[in-house]
Amino acid sequence: MRKHAPASIRAELQPLLEMTERVGSDPLLTQASTGNSSAKLDGILWIKASGKWMTDALRDDILTPLDLTEIQECLRRGVDPPERHPTASLETAMHATLPHRVVLHVHCVNSIAWAVRRDAPMQLQRRLEGLSWQWIPYTESGLPLCRGIERALSALPDANVFVLGNHGLVIAEETAKGVEDLLSEVKRRLSIAPRKAHPADYAALIEISQDSPWDLPDDDGLHALGTDPVSQELLRGGLLYPCQAIFSDSATLELFRPIPCPDPADCWQHQYAGRPFLIVDGRGVLVNRSMAPAELATTSCPIVSSSSAVAGQVIAQWSRCGGSSSAVAARRRSTPRPWAGSRAHRCPPARSGHSRAPPNS
Ligand SMILES: [Zn+2]
């Protein structure tokens, strides 16, 4: 929020900022600079600035004020607002087109766990019954997603919950409290207990990381990428959603393939120099000490590890299917739907000044 905004405006935005800070502090909802929130006040759209972290809402100036009429004129002309307002969230168009006063977009891991499944609409229908919700098939951020929201509103004008295929969740209400309450309800309905992975081989990881640029991650859950065959099988199938492309380059998929446990006596380190993390087969994960805070935040809980969290959740559904022929059919339906976007998706932005920064949203 601009410091020079009148006290009355700052007071009106305070509930939005407090809600944004709480949501942004939950790594199961937002990671690094992903996610965004907004409020419409007296013709001004106050929206999270691109590259800002929601968790900083109460200590940083994270909101950008935009003239709502001008933004809506952009949409009518087919101009994506960030083209004119580079500091604005990439999802400004979506926030502007929703008629609600308060809008929240999160990369909720439990929602994504459903949203990557081929049978997501059917599964969500059962779980979100009674809510005014809509399924938005995967589309790129910005104007394309805005148009998807518009189509959904045409089908159900009072929709205020939008599940974005291979992407996340949008909640819209008249107040920040209304948004947070509705988010809690959706989270409760879509909650899945992650499957437990084999524990990491800490002794081996410590041994091979000695005198190297590699370190053990703070988040134990990340080791599942190296110890859980099911997660590895899913990773081999490709990226599940755009945030997994934050390390996007020609080696992206290679990054997610486990490497054989190196012999500390070998000169193995130069072979993987430049990688942000190493998945060591059967042992766990090592992270490069040079990783930027945004990368670490994104890696530590669920963006990269979501491969395991999502995998665990998807497979948790599979495992309930049993072994009958109908179970085989159900299993086929629940196969993850690989992310259909292109690497050109505006995920790895330059705004943070770091080539592997997570998506600005
Ligand atoms: Zn997003």
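Trainee: Which residue of β2 does S38 stand opposite?

Mentor: In β2, S38 faces I47. This is a predicted model, in which local features need pLDDT of at least 70 and side-chain atom pairs count only at pLDDT 80 or more, while totals for chains, interfaces and linings use all residues. Residues are numbered from 1 along each chain as its sequence is written.

Trainee: What makes β1 and β2 a pair?

Mentor: Two strands pair if DSSP finds at least two bridges between them. Strands β1 (residues 36-41) and β2 (residues 44-48) are joined by 4 bridges in the antiparallel sense, so the criterion is met. Strands here are DSSP runs of E with at least two residues, and helices are runs of H or I with at least four, numbered from the N terminus.

Trainee: Why are β3 and β5 called edge strands?

Mentor: The open sheet has 7 strands in the order β3-β2-β1-β4-β7-β6-β5, with mixed pairing. β3 (63-67) and β5 (133-136) each pair on one side only. The average twist from one strand to the next is 15°.

Trainee: How do you know that helix α1 packs on this sheet, and how is α1 directed?

Mentor: Helix α1 (residues 7-24) touches β1, β2, β3 and β4 (102-106), contact being defined by C-beta atoms, placed from the backbone, that lie within 7 Å. Its direction makes about 160° with that of β1. Angles run from 0 to 180 degrees between N-to-C directions, along axes fitted to C-alpha atoms, for helices over the stretch in contact. Under 35 degrees counts as roughly parallel, over 145 as roughly antiparallel, 65 to 115 as roughly perpendicular and the rest as oblique; α1 is therefore roughly antiparallel to β1.

Trainee: What is the orientation of α2 to β3?

Mentor: Helix α2 (residues 68-77) lies across β1, β2 and β3 and runs at about 75° to β3, so this arrangement is roughly perpendicular.

Trainee: Why is α1 called roughly parallel to α8?

Mentor: The axes of α1 and α8 (residues 176-190) cross at roughly 25° and come within 9 Å. That angle makes the two helices roughly parallel. P15, L16 and M19 of α1 meet A176, K177, V179 and E180 of α8. By class, this contact holds 5 nonpolar, no polar and 2 charged residues.

Trainee: What makes β9 and β10 a pair in the 3-stranded sheet?

Mentor: The order of that open sheet is β8-β10-β9, with antiparallel pairing. β9 (277-280) and β10 (residues 284-288) share 4 bridges, and V280 has G284 as its bridge partner in β10. Helix α9 (residues 202-209) touches β8, β9 and β10, its direction making about 30° with that of β10; α9 is thus roughly parallel to β10.

How values were computed:
Contact = placed C-beta atoms within 7 Å. Nonpolar A, V, L, I, M, F, W, Y, C, P; charged D, E, K, R; others polar.
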